[in-house]
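Got your viewer open? Let's take a walk through this model, one selection at a time.

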Number of protein chains: 2
Amino acid sequence: MRALNVSERRTAPPRVGVSTVIFALQPPAGQPVGDAPHDGATLWLPLVRRTRAPFTGRWALPGGPLAWDTSLEESARSTLHEATGLSPRYLEQLYTFGGRDRSATDLRVVTVAYWALIALADRTPMESVENVAWYSVDALPPLAFDHADIVALARRRLRAKATYTGVAVRFLGEEFTLGELRRVHDAVLGRTSDPANFRRRMLASGRVEPTGAVRRDGAHRPARCYRFVAEPDAELLTPAPTPAETTERKRRTS
Amino acid sequence: MRALNVSERRTAPPRVGVSTVIFALQPPAGQPVGDAPHDGATLWLPLVRRTRAPFTGRWALPGGPLAWDTSLEESARSTLHEATGLSPRYLEQLYTFGGRDRSATDLRVVTVAYWALIALADRTPMESVENVAWYSVDALPPLAFDHADIVALARRRLRAKATYTGVAVRFLGEEFTLGELRRVHDAVLGRTSDPANFRRRMLASGRVEPTGAVRRDGAHRPARCYRFVAEPDAELLTPAPTPAETTERKRRTS
């Protein structure tokens, strides 16, 4: 197909894009990293610097146009893999952003936003990806398009789900220290808990039990490892697929 | 732009469509209506018979392609108005369906689905709209595309919100009889409650209070009218706009 001229681009049928908010508990080692907020506990996400108009040079969520032969979820997964080299522990459709003016004067794009949780083992080195840098959600640079709105909605969704133990398991794995669990709690809710208080409340809740393992956490003395007693919330561990996604998955594997 | 040929249509960038699941407590008077389920309490929705390929002759959700100058929510609202002549009491984005094969062999469409509640006063006559008929959600005809999946997800979302008094207010208005309230309850949850039990439980809950008005409900003796004591749930009365929508709304009114 030939390229569209300016006025054709303006009135052309809107296209579909997929963008993903990828939350991690810390930036990977060996990656370009933005400023951390002064008080420590925060979530991190990878951003991609745009190399073309509109918003050239601005940071944006990883994503791109939806190809004709790719499902929405496949598109979100492959974006995530390109930006981080990882597979998500959790991936869910967030919301679809379709404001008329969100693409500035360019061809209008309706963006299906996903949000994801990934687990990064402490100080795992990761190969650098061109134009990708990691930022604290509390110290984001100015973002392209309405991506700041997308990040804000993803944070609200994550907080609304943060009563579920599943979030912690996705970030930390099945076994964790109470210090790690507190960092998840504080980063998700944007709080700073007192370590001793948090420890007491969590042990009194009966929701965690020691695994018997011990782990050295930085310069501190060795810490006991715990796991959740109850089944982690089913909804967050295996996000209920929509009927459409189920059908699609069946088709793909058959 | 010239029309695309068959292979170009297959590999063209996916287009955006908007479809809406419009729930009402009863079909409007004077409209073509499908079979009702035998046990009465059910929700109704309008469907549109397709007049062109793919799925010619099949019933589908009201909707259409997203125009370049229309926001997603505007598109859902105008679709709803065309099919029912009404404005929704509640309208919310449901989910975006983007399976690769959902448009059969035609140009691929990613559909942003909305769900809506509308209030129809008993026996309000409504002008017929060509190719529109009302069906019980419990006795749907075979639907085009994956629209049966969209309806199923909308019913799940409605049920998940049905603990909120807001759903009832949206269907019934601020004042209602306990018989009407029971019909909402049963239709949403797909149950059949005993009238005397329901009445006793509802009065004991302290959630409703008499308004002083009395209403004749069909052939029955006059029934007292009630309203909810508590503020109806804020979330369902005024769905939290996403930041993007807020911005858009501001822009439009400024």
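Before the first stop, one term: a contact here means heavy atoms within 4.5 Å. What you have on screen is a predicted model, so keep that in mind as we go.

**Stop 1: all of chain A**

Select chain A and colour it by secondary structure. You should find eight helices and 10 strands. Now think about how the chain meets itself: among contacts in chain A with a separation of 6 or more, 68% are between residues 24 or more positions apart. Switch on the surface, and chain A exposes about 12,500 Å², with carbon and sulfur atoms supplying 51% of that. As for what is hidden, 48% of the 254 residues of chain A count as buried.

**Stop 2: a three-stranded sheet in chain A**

Stay in chain A and pick out strands 8, 9 and 10. They make an open sheet in the order 8-10-9, with antiparallel pairing. Which strands stand at the edges? Strand 8 (176–177) and strand 9 (208–215) do, each with a single partner strand, so one side of each has no neighbour in the sheet. Zoom in on strand 8 and strand 10 (residues 223–228), which are joined by two bridges. A good pair to label is A:Thr177 and A:Cys225, since they are bridge partners.

**Stop 3: aromatic rings**

How many aromatic pairs are there over all chains? The count comes to 10. For one of them, show the side chains of A:Trp59 and A:Tyr135: this pair is edge-to-face, 5.4 Å centre to centre, with 65 degrees between the planes. A:Trp59 sits in strand 3 (residues 59–60) of chain A and A:Tyr135 in strand 7 (residues 132–136), so the pair ties together parts that are 76 residues apart in sequence. Are these two rings' residues buried or exposed? A:Trp59 has a relative accessible area of 10% and A:Tyr135 has 13%; buried means under 20%, so A:Trp59 is buried and so is A:Tyr135.

Now hop over to chain B and select B:Phe176 and B:Phe228. Their pair is tilted, at 5.0 Å centre to centre and 50 degrees between the planes. Here too, distant parts of the chain are linked: B:Phe176 belongs to strand 8 (residues 176–177) of chain B and B:Phe228 to strand 10 (residues 223–228), 52 residues apart. B:Phe176 is buried at 0% relative accessible area, and B:Phe228 counts as buried at 11%.

**Stop 4: strand 6 of chain B**

Select residues 109–117 of chain B. This is strand 6, and eight of its nine residues are buried. Look for strand 1 (residues 15–23), which pairs with strand 6 in the parallel sense over nine bridges; B:Gly17 has B:Thr111 as its bridge partner there. Strand 5 (residues 90–97) runs antiparallel to strand 6, with seven bridges joining them. To see that pairing, label B:Thr96 and B:Val112, which stand opposite each other.

**Stop 5: strand 7 of chain B**

Finish with residues 132–136 of chain B, strand 7, where five of five residues are buried. Turn on the side chains: B:Val132, B:Trp134 and B:Ser136 point one way, while B:Ala133 and B:Tyr135 point the other way. Strand 2 (residues 44–49) of chain B runs antiparallel to strand 7, and five bridges join the two. For a last label, choose B:Pro46, which stands opposite B:Trp134.

Notes:
Residues numbered from 1 in each chain as written. Chains lettered and ligands numbered in written order. Predicted model: local features only at pLDDT ≥ 70, side-chain atom pairs only at ≥ 80, totals over all residues. Heavy atoms only, no water. Buried < 20%, exposed > 50% of the residue type's maximum accessible area, 1.4 Å probe, protein only. Helix = DSSP H or I, 4+ residues; strand = E, 2+ residues; numbered from the N terminus. Pairing = 2+ DSSP bridges. Phe/Tyr/Trp six-rings, centres within 6.5 Å; stacked < 30°, edge-to-face > 60°. Areas by Shrake-Rupley, 256 points an atom, 1.4 Å probe, with all protein chains shown as cover.
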